[in-house]
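Trainee: I should like to learn how to read the features of a structural model in order. May we begin with the surface and proceed to the individual elements?

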Amino acid sequence: MQITEHIASLSEEGRLLAAAAEQAGPGASVPTCPGWQIRHLLRHTGMVHRWAAAFLTEGHTAYHPDGGEPDLDGAELLAWFREGHRHLVRSLEEAPADLECWTFLPAPSPLAFWSRRQLNETTVHRVDAESALGGPLTPVSTARAVDGIDELLTGFHARPKSRVRSDKPHTLRVRALDTAATWTVRISEDPPQTVRTAGEGSAEHADCELSGTAEGLYLALWNRLPLTAVTLRGDRAVARLWTDNSAVTW
């Protein structure tokens, strides 16, 4: 996906998140984030938006802490969230292509990193907000879902911070049936190693395979849909190893 596509999608995802949050109300429970209410979701996501925008506008070349979550609620909190989201979108739109600032995952450029990262951050939390309403979720396109799976498997869980580990080696295959993408995830005592291939993918034996639409896999791997939303073949314990240990902070 192109940077401009990421930014345009981020703009829409933030609007959808705010609309769902407003409809649900600040005290509504968020079933995809146990213990959270909509107010917690807005405070967290709004804080992340401002934190990301600061790298873009202030050019921090090393890690810079966030400003913390606000003690706001109700209409004031919703307005604060919307303003922070608009500021993030503007900051991405106005950032120069050769921007230099801190990032924490491999990317072609800092601007490519932050536009992609904030799109996936906001999409996942938009799903959280819509889950509080109990109705259908706004669809995620196949291209965006594939891009999001890539970021999760080859970015986040390639880092030393990943807790998806096992004393006994396992291979997890992720197959998107509506596209040519297949990911083979090798789990060991070290951070997972993921290789993406096209078509049927690697002929290597997989202990467990998850297959389904790219959207279903994206949301299941981010633990926003249950594993029953996709097809599981093989050792269910390998899938549980993922769901029990794959939660990402940042």
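Mentor: Accessible areas come from the Shrake-Rupley method with a 1.4 Å probe, and for residues only the protein chains shown count as cover. For this chain the accessible surface comes to about 11,300 Å², of which 51% belongs to carbon and sulfur atoms. The model is a predicted one: local features need pLDDT of at least 70 and side-chain atom pairs count only at pLDDT 80 or more, while totals for chains, interfaces and linings use all residues. Residues are numbered from 1 along each chain as its sequence is written, and side-chain values use heavy atoms, with hydrogens and water left out.

Trainee: What share of the residues of the chain counts as buried?

Mentor: A residue is called buried under 20% relative accessible area, exposed over 50%, and partly exposed in between (1.4 Å probe, protein chains only). Of the 250 residues, 53% count as buried.

Trainee: How does the radius of gyration of the chain stand against that of a compact globule?

Mentor: The radius is taken over C-alpha atoms, and the globule rule is 2.2 Å times the number of residues to the power 0.38. For 250 residues a compact globule would have a radius near 18 Å; the chain has 18 Å, which agrees. Along the principal axes, the C-alpha atoms fill a box of roughly 50 × 40 × 30 Å.

Trainee: Which elements make up the secondary structure of the chain?

Mentor: Helices (H or I, at least four residues) and strands (E, at least two) are DSSP runs, numbered from the N terminus. The chain has seven helices and five strands, and from the N terminus the order is α-α-α-α-α-β-β-β-β-α-β-α. As to contacts, meaning heavy atoms within 4.5 Å, 66% of those between residues at least 6 apart in sequence join residues at least 24 apart.

Trainee: How should one read a single helix, and which residues of H3 are buried?

Mentor: An α-helix has 3.6 residues a turn, so residues three or four places apart point the same way. Helix H3 (residues 74-94) has 21 residues and reaches 31 Å from its first C-alpha to its last, close to the 30 Å expected at 1.5 Å a residue; the expected span is 1.5 Å times one less than the number of residues. Its buried residues are Leu-77, Leu-78, Trp-80, Phe-81, Gly-84, His-85, Leu-88, Val-89, Ser-91 and Leu-92. These cover an arc of only 165 degrees around the axis, which puts them on the same side of H3; the arc is that of the directions from the helix axis to the C-beta atoms. On the other side, Ala-75, Glu-76, Glu-93 and Glu-94 are exposed.

Trainee: Against which helices do the buried residues of H3 pack?

Mentor: They pack against helix H1 (3-24), helix H2 (38-58) and helix H4 (110-131).

Trainee: How many salt bridges are there?

Mentor: A salt bridge is a side-chain nitrogen of Lys or Arg within 4 Å of a carboxyl oxygen of Asp or Glu. The count by this rule is 15. In one of them, Arg-126 pairs with Glu-13, the closest N and O atoms being 2.6 Å apart. This pair links distant parts of the chain, with Arg-126 in helix H4 and Glu-13 in helix H1, 113 residues apart. Both partners are buried. Glu-13 and Arg-126 also belong to a network of salt bridges with Glu-130 and Arg-144.

Trainee: Is Asp-150, in contrast, buried or exposed?

Mentor: Asp-150 is buried, at a relative accessible area of 14%. Its salt bridge is with Arg-196 (2.5 Å, N to O). Arg-196 lies in strand S3 (residues 193-198) and Asp-150 in helix H5 (residues 142-155), 46 residues apart. Arg-196 is partly exposed, with 42%.

Trainee: Which residues of H6 are buried, and what follows this helix?

Mentor: Seven of the eight residues of H6 are buried: Ala-214, Gly-216, Leu-217, Tyr-218, Leu-219, Ala-220 and Leu-221. They pack against H4, H5, strand S1 (170-176), S4 and helix H7 (236-245). H6 is followed by Asn-223, whose phi is positive, near 60 degrees.

Trainee: How is such a phi to be read?

Mentor: Most residues other than glycine have a negative phi. Asn-223 has a positive phi although it is not a glycine. It lies in the loop between helix H6 (214-221) and S5, and is partly exposed, with a relative accessible area of 26%.
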